[in-house]
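Colleague: I should like to learn how aromatic contacts are read from a model. May we work through one case together?

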2 protein chains.
Amino acid sequence: MQKEHNLSKNQKIIFDLIDKSGGPMKAYSILFNVQKKGIKAPLQVYRALDKLVEIGKIHKIESRNAFIACQNSSCQISKATAFSICESCEDVSEISNTKLSKYLSNFADESGMKYSKYNLEFFGLCKKCKSK
Amino acid sequence: MQKEHNLSKNQKIIFDLIDKSGGPMKAYSILFNVQKKGIKAPLQVYRALDKLVEIGKIHKIESRNAFIACQNSSCQISKATAFSICESCEDVSEISNTKLSKYLSNFADESGMKYSKYNLEFFGLCKKCKSK
DNA sequence: TTATAAATGTTATATTATTACATAGTGTTA
DNA sequence: TAACACTATGTAATAATATAACATTTATAA
Ligand SMILES: [Zn+2]
Ligand SMILES: [Zn+2]
Ligand SMILES: [Zn+2]
Ligand SMILES: [Zn+2]
């Protein structure tokens, strides 16, 4: 179970927007969408994003500079993330695969270095785009 | 064996700089370092970087917006990259592990989606920083 | 209450990356 | 050689992403 966090006003506005969008959103697109709710400056967005990433409610898709709501609501893997990214339509989905996450965590342990986190991004064509 | 590419003048200047640095370099730091060689504009740097990434001579460390010379000179895994990143000193090294790359390539095949590429970034403390 | 940490508001600025357009070199082949 | 296609270069302007600095407010806890 994920620890319950009481989101602040801005954090809630921004999380709800990302979550409802169902996909990755970019910071300045978020900013544009929440200006009517009184959030006017980039920093307000980035601060909320930072916090949401920290507590695992959202993840950053590094290769896209975009943020997506965690799709594993019942788990706590904000430090072990894997995504599938379509290079054609830019659809992103979070991969939830126990074997994969165990394999990667074990791999981390085997190395000389102690890893505390990983992020994996797969690229390709989603089913829709493949069949076009 | 990797296909031999004849690098152009700018590509060679920029690859040599990154390669000799032994670590990740950021685009504007590269720009600063090559200005004495006549490369004056960001675009000249980004164009060379794009090409070098495309042919696998360098890789982009997505979480750091930085570029590193491929450390697997004898192979061709520009589409299957894995890195170990120290969160303290920002040291980066490329992971070359056959089992890992096979595992991830096979994982991709098992999914509904056909992956053509992946990038994995591990984070933690390197040996040096761990022992401090 | 008093102190502490967390969150917010605002302005300015830093950093990363691309668009647009003009020119020059390189290799292929008619 | 000439014509062509392709790749690379030069330059200016601008877009997109992210942070620094500082003042204030709100929530939490001792
Ligand atoms: Zn998640
Ligand atoms: Zn797609
Ligand atoms: Zn490599
Ligand atoms: Zn280190």
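Colleague: Does A:Y28 count as buried or exposed?

Modeller: Burial is judged by relative accessible area: buried is under 20%, exposed over 50% and partly exposed in between (1.4 Å probe, protein chains only). A:Y28 has 51% relative accessibility and therefore counts as exposed, while A:Y46, at 33%, is partly exposed. This is a predicted model, in which local features need pLDDT of at least 70 and side-chain atom pairs count only at pLDDT 80 or more, whereas totals for chains, interfaces and linings use all residues. Side-chain values use heavy atoms, without hydrogens and water; residues are numbered from 1 along each chain as its sequence is written, with chains lettered from A in the order in which they are written.

Colleague: How many aromatic pairs does the count give over all chains?

Modeller: A pair of aromatic rings is described by the distance of the centres and the angle of the planes. Rings of Phe, Tyr and Trp (its six-membered ring) pair if their centres lie within 6.5 Å; planes under 30 degrees apart are stacked, over 60 edge-to-face and the rest tilted. The count is nine over all chains. One of them, A:Y28 with A:Y46, is edge-to-face, at 6.3 Å between centres and 65 degrees between planes.

Colleague: Which pair is stacked at 5.5 Å centre to centre?

Modeller: That pair is A:F122 with B:F107, with 20 degrees between the planes. A:F122 is buried at 0% relative accessibility, and B:F107 is buried at 9%.
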